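Visitor: I am new to reading protein structures, and I would like to start with one part only. Please take me inside this one and show me slowly how its interior is put together.

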Amino acid sequence: MRKLLQQFKKIVFFDTETTGLDPEKDQIIELAAALVTENGIELKIDAFCKLPEGEKIPEKIVELTHITDDMLADKGIDYREACRIFCNMLHSDSEVLLVAHNIQFDLLFILEMFKRCGMVPKAPKLRALDSLIRSRTATERSTTFWRSTR
């Protein structure tokens, strides 16, 4: 982590839960993120996001995530507010590293969220690191090492 923080002043770890697989028609229903700098965790969000009026979470998604419409109604924040908080995490005068597990999925939803809200993070460059690929690589190396020591 120290090595990454020498290269990037800000690292944002994030995850989303969504109503489906299509960023153009589905919605983020939970957004969790932590902004990490050399000083540690500077800012966090872990929020349910309210759905547009009349939309409901599909039953299959409720089964997978255990997030219900009642939870969004009771504890959810406005979608634009979640977008604003996340966008502010990315504001920087230098490169920002985004980290997520299977980042391609989450990033497509985040980019669609920015588009819907008309917000653009102010950072010269955003870089992405997929922890899924990194963990697979580490597992493969470990397995190869284990086999070679037998």
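Guide: Here is a walk through the interior, with a few stops at the outside for contrast. Please keep in mind that what you see is a predicted model.

Let us begin with the overall plan. The chain is built from six helices and five strands. If you follow the sequence from start to end, these elements come in the order α-β-β-β-α-α-α-β-α-β-α. The chain has 150 residues, and 41% of them count as buried. Parts of the chain that are well separated in sequence do meet in space: among contacts with a separation of 6 or more, 70% join residues 24 or more positions apart.

Now for the heart of the tour. In soluble globular proteins, nonpolar side chains tend to be buried together. In this model, the largest nonpolar core holds 27 residues, and V12, F86 and M113 have the most contacts inside it. Several elements contribute at least two residues each: strand 1 (10–18), strand 2 (28–37), strand 3 (40–48), helix 4, strand 4 and helix 5 (103–117). Helix 4 gives the largest share of this core, with eight residues.

Zoom in on V12 to see this packing from one residue's point of view. Setting aside neighbours within four places in sequence, V12 touches A33, A34 and L35, then F86, M89 and L90, and also V96, L97, L98 and V99. There is also a second core, separate from the big one, with eight residues, including I29, L51, I57 and I61.

Next, look at the cysteines in this neighbourhood. C83 has a relative accessibility of 0%, so it counts as buried. C87 is buried too, because its relative accessibility is 4%. How far is the sulfur of C83 from the closest cysteine sulfur? That closest sulfur is in C117, 3.6 Å away, and this is too far for a bond. For C87, the closest cysteine sulfur is in C83 at 5.9 Å, which again is too far for a bond. A disulfide would need the two sulfur atoms within 2.5 Å. The count of disulfides is therefore zero by this rule.

Two more residues help you see how helix 4 and C117 sit in space. E81 is found in helix 4. It counts as partly exposed because its relative accessibility is 31%. Along the sequence E81 and C117 are 36 residues apart, but their C-alpha atoms are 9.4 Å apart in space. K115, in helix 5, tells a similar story with C83: the two are 32 residues apart in sequence and 9.9 Å apart from C-alpha to C-alpha. While C83 is buried at 0%, K115 is exposed, with a relative accessible area of 62%.

Follow helix 4 (79–90) onward and you come to the loop that leads to strand 4 (96–100), where S94 lies. Is S94 buried or exposed? It counts as buried, because its relative accessibility is 17% and the limit for buried is under 20%. Leaving out residues up to four places away in sequence, S94 is in contact with K9, A123, P124 and K125.

The loop after strand 4, on the way to helix 5, holds N102. N102 is partly exposed at 36% relative accessibility, and its phi is near 60°, a positive value in a residue other than glycine. You can find another such case in H66, with phi near 65°. H66 belongs to the loop between helix 2 (59–65) and helix 3 (69–75), and it is exposed, with a relative accessible area of 59%.

Let us finish at an opening. The largest pocket has a volume of about 210 Å³. Its lining includes K50, L51, P52, E53, G54, E55 and K56, together with D69, D70, L72 and A73. Sorted by type, the lining residues are four nonpolar, one polar and six charged. You have already met one of them: L51, which lines this pocket, is also included in the second core.

Note on methods: Residues numbered from 1 in each chain as written. Predicted model: local features only at pLDDT ≥ 70, side-chain atom pairs only at ≥ 80, totals over all residues. Heavy atoms only, no water. Helix = DSSP H or I, 4+ residues; strand = E, 2+ residues; numbered from the N terminus. Buried < 20%, exposed > 50% of the residue type's maximum accessible area, 1.4 Å probe, protein only. Contact = heavy atoms within 4.5 Å. 1 Å grid on protein atoms, 1.4 Å probe; cavity = no way out; pocket = protein on both sides within 12 Å on 5 of 7 lines; lining within 4 Å. Points joined across faces, edges and corners; volume = space filled by probe spheres on them. Nonpolar A, V, L, I, M, F, W, Y, C, P; charged D, E, K, R; others polar. Core = buried A, V, L, I, M, F, W, Y, C linked by side-chain atoms within 4.5 Å.
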